[in-house]
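Colleague: I am new to reading protein models and would love a guided walk. Could we take a feature at a time, starting from a single residue?

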Amino acid sequence: MRKITFCDAIKEAIDQEMERDERVFVYGIGVPDQGIFGTTVGLQEKFGKDRCLDTPIAENTMVGFGLGAAINGLRPIHIHIRVDFLILAMDQLVNMVSAYSYMTGGTLKVPLVIRVVIGRGWGQGCQHSKSLQSLFAHIPGLKVVMPTTPRDAKGLLIAAIRDNNPVILIEHRWLYWQEGEVPQESFTVPLDEAHVLREGKDVTVVATSWMNVEALKAMEILARRGVNIEIVDARAIAPLNDEAIIQSVKKTGRCIVADNDWVHCGFSAEVAARVSEKCFGQLKYPVMRIGFAHTPCPTVRHLEDEFYPNAIEIIREVEKMLDLSPTDLSKEEFYSHNNHFKGPF
Amino acid sequence: MLSGGYQKITRPRKVKTLNTRNELNIGLYQRLYLARRCEEKIVALYHENDMRTPMHMSMGSEAIAAGVCHALKESDQIFGTYRSHAIYLAKTLDADGFFAEMYGKDTSRIKGKGGSMHLCFPQRGFMGASAVVGNPLPVAVGAAFANKVQKNNKIVAVFFGDGTTDAGQFWESVNVASLMKLPVLFICEDNELAVHSPKSTRRGYQSISNVISQLNCHVLEENTTDAEVIYNLVTKAIQSIRIAEKPCFITLKYYRYLQHVGIKEDFQIGYRSRAEFEEWYKIDPIKVQREKLHNLGLSEKDVAIIEKEIDTQIGRSIEKAKKAPFCGTDELYKGVFA
């Protein structure tokens, strides 16, 4: 099958949906000219200024604007180049967007997609580096998805656009350049299903977003000494359908949650609770969690590297669970600012 | 006569109309009287503790609700805040749905999930109300964008108090509507108060009209309790929105008769005086309009017929709401997602 990048998969999804349905439009700060890592390049030229628009720096108001357009017959896609900027819109998201359909007794529907970019960069510091999926997932009425593969990026985005509810699509910027097999034609991926990214039998690693890439690296290294981890890409954060996760842990009896976010009160806590409730008898080891250090994100490289979780932490956690001696990692190469994962998955 | 033919109340056949001005003023009076009498019923019945929702009463502001909503078409859309009884009733004329929701009954289309602060009737153009100051404005602006794109000629009016003009979303919304040339009426219902705080503690400028006039936005203001004056002003504003393709910001003064929230007077607190109320009550919008109907040649009997029809409707609506069942508890989990 054809291989394209995550970035092109996103762009293709928007392009195909805008072609298919003239109610779909895309907007946000810098969307037409800067092109959001290339994912919206050319849309204004193709679809015009009414369907691809720049906005004032007014995040809260522009999320409310999307709500108004959505209840009145359009299907907006609102893009924020950093999730940190979406925080300005918590009033609209939490008080209005998430609740509007419910508090109007279902008389109004809110087909609004919000794309947000997360991830690491060149010393992004504490206000350009957050992830925050659990913050949004905590709110009833919001759907939250985190695609990792290019195929999921396209399929989840198309499903989000066609869904009659608000959906937040969280995209890690290091994933934009990775390649994977993506069907050319339009298709959807369910907004409420985790899936097994790699099969294994010894330990289940439930991962989100970029942490799937780290888990793949850990898997490759551990496989050399005969340890097979199963990677479950959580993918749909809210609503959380834990079926694939529970099924996997029932098989392996061990679970690590590697979340691309802070641990405390995070998505990893939710997964750990569900696994503990539903796999209590089968667990051979307590559910362990890996995530960001519980600090704001520092800027300088060596502290930033310490802040973010990685494949090494996953490997060390697996070794502890299986009572193995530490693997020699001195000759391994891990992903960094200089060494992006290019795929394919 | 009320336009559009969708309302439950119509001009009583026995009342003769002499000309279009009479028709207009009867229609305005029906909206005024409906809003006032529904709230008087709330005041009378609230002690029974069956309407379990915080009441932010509209009393005193009815001329704005009636004047603006009568100038709008059925298909035009409005948004409001927690204080939206009068605009809901003036726009939808839906006493049945209003009381069904006040009592939180299964017969309400929103099934008690909204209450007094979140009324909604999109089919009649009432698109929702919010209890957070400022946040309906962006939604109204986005709705107007959708109307413009869909070329359906609908006007959106968003109602808010002068306290809202302190909020960031107010300024952002007026800017976006001005920038994008959207058909929005910003209706500032100015009662001088944000809860109990006067403008002097909230504003670092003298005149909101002067400030907003710097944007690409029509600016109007009026200090009246005469619904017809407001109707004429808004009719002109709608024309100017269509001709000049830009939004309109209108400040309309009124006096809030009751507490910020609740069904009682609050002159004993001391932030305002009864004397002030009494001055305003001399020009109470319902009284003003009733006198006008007489001046236009309607007899006391004619007016009484109009009033009786509305009172009968309200009585029926309350009776139906009281008798209606509550929804099942399974309704709690329904409708989180569409």
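**Reading a two-chain model**

Modeller: Happily! A:Arg301 is exposed, because 12 other C-beta atoms lie within 10 Å, and a residue counts as exposed at 12 or fewer. Please keep in mind that this model is predicted.

Colleague: Where is A:Arg301 found?

Modeller: A:Arg301 belongs to helix H13 of chain A, which covers residues 301-307. Sequence separation and distance in space are worth reading side by side. A:Arg301 and A:Gln124 are 177 residues apart along the chain, yet 9.9 Å separate their C-alpha atoms.

Colleague: And which separation in space do B:Ile305 and B:Ile269 have?

Modeller: Those two residues are 36 residues apart along the chain, and their C-alpha atoms are separated by 40 Å. B:Ile305 sits in helix H11 (residues 300-323) of chain B. B:Ile305 is partly exposed, because the count of other C-beta atoms within 10 Å is 16, between the cut-offs of 12 for exposed and 20 for buried.

Colleague: Now for a whole chain. How many helices and strands does chain A have?

Modeller: Chain A has 14 helices and 14 strands. To judge how compact a chain is, we compare its radius of gyration with a rule for globules. For the 345 residues of chain A the rule gives 20 Å, and the radius of gyration is 20 Å, so chain A is as compact as a globular protein of that length. Its C-alpha atoms fill a box of roughly 60 × 45 × 40 Å along the principal axes. Of its 345 residues, 56% count as buried.

Colleague: What can I say about chain B in the same way?

Modeller: Chain B contains eleven helices and eight strands. A compact globule of 338 residues would have a radius of gyration near 20 Å, and the 19 Å of chain B agrees with that. The box filled by its C-alpha atoms is roughly 55 × 50 × 50 Å, and buried residues make up 49% of the chain.

Colleague: What share of contacts joins residues that are well separated in sequence?

Modeller: We take contacts between residues at least 6 apart in sequence and ask what share joins residues at least 24 apart; in chain B that share is 78%. For chain A, residues 24 or more positions apart account for 80% of the contacts with a separation of 6 or more.

Colleague: Into which domains is chain A divided?

Modeller: Domain 1 spans 3-181 and domain 2 spans 195-322. Their centres, taken over C-alpha atoms, are 26 Å from each other. In the contact between them, 24 residues of domain 1 meet 22 residues of domain 2. On the domain 1 side, the elements giving two or more residues are helix H8 (133-137), strand E6 (143-145) and strand E7 (167-172) of chain A. That side has eleven nonpolar, ten polar and three charged residues.

Colleague: How do I read the contact between the two chains?

Modeller: One general idea is that the size of an interface is often given as the accessible area lost when the parts come together. Here we can count residues instead: 34 come from chain B and 33 from chain A. On the chain B side, strand E2 (126-130), helix H5 (136-149) and helix H6 (168-179) each give two or more residues. H5(B) provides the largest share, ten residues. By class, the chain B side has 18 nonpolar, twelve polar and four charged residues.

Colleague: Is strand E13 of chain A largely enclosed or open?

Modeller: Eight of the eight residues of E13(A), residues 255-262, are buried, so the strand is largely enclosed by the rest of the structure. To place a strand in a sheet, look for its pairing partners. Strand E10 (residues 203-207) of chain A pairs with E13(A) in the parallel sense over four bridges, and A:Thr204 has A:Cys255 as its bridge partner. E13(A) also runs parallel to strand E14 (residues 288-292) of chain A, joined by four bridges; there A:Val257 stands opposite A:Arg289. From E13(A) the chain crosses through helix H12 (residues 267-278) of chain A to E14(A), in a right-handed β-α-β crossover.

Colleague: Which helix could I study for burial?

Modeller: Try helix H3 (residues 85-92) of chain B, where eight of the eight residues are buried. Among them are B:His85, B:Tyr88 and B:Lys91. The covering elements include helix H1 (20-45), helix H2 (62-71) and strand E1 (77-81) of chain B. After H3(B) comes B:Leu93, with a positive phi near 55 degrees.

Note on methods
Residues are numbered from 1 along each chain as its sequence is written. Chains are lettered from A and ligands numbered from 1 in the order in which they are written. This is a predicted model: local features need pLDDT of at least 70, side-chain atom pairs count only at pLDDT 80 or more; totals for chains, interfaces and linings use all residues. The radius of gyration is taken over C-alpha atoms; the globule rule is 2.2 Å times the number of residues to the power 0.38. Two residues are in contact if their C-beta atoms, placed from the backbone, lie within 7 Å. Domain bounds come from an automatic or database domain assignment. Ala, Val, Leu, Ile, Met, Phe, Trp, Tyr, Cys and Pro count as nonpolar, Asp, Glu, Lys and Arg as charged, and the others, Gly among them, as polar. Two strands pair if DSSP finds at least two bridges between them. A crossover is right-handed if, with the strands pointing away from the viewer, the path from the first strand over the helix to the second runs clockwise.
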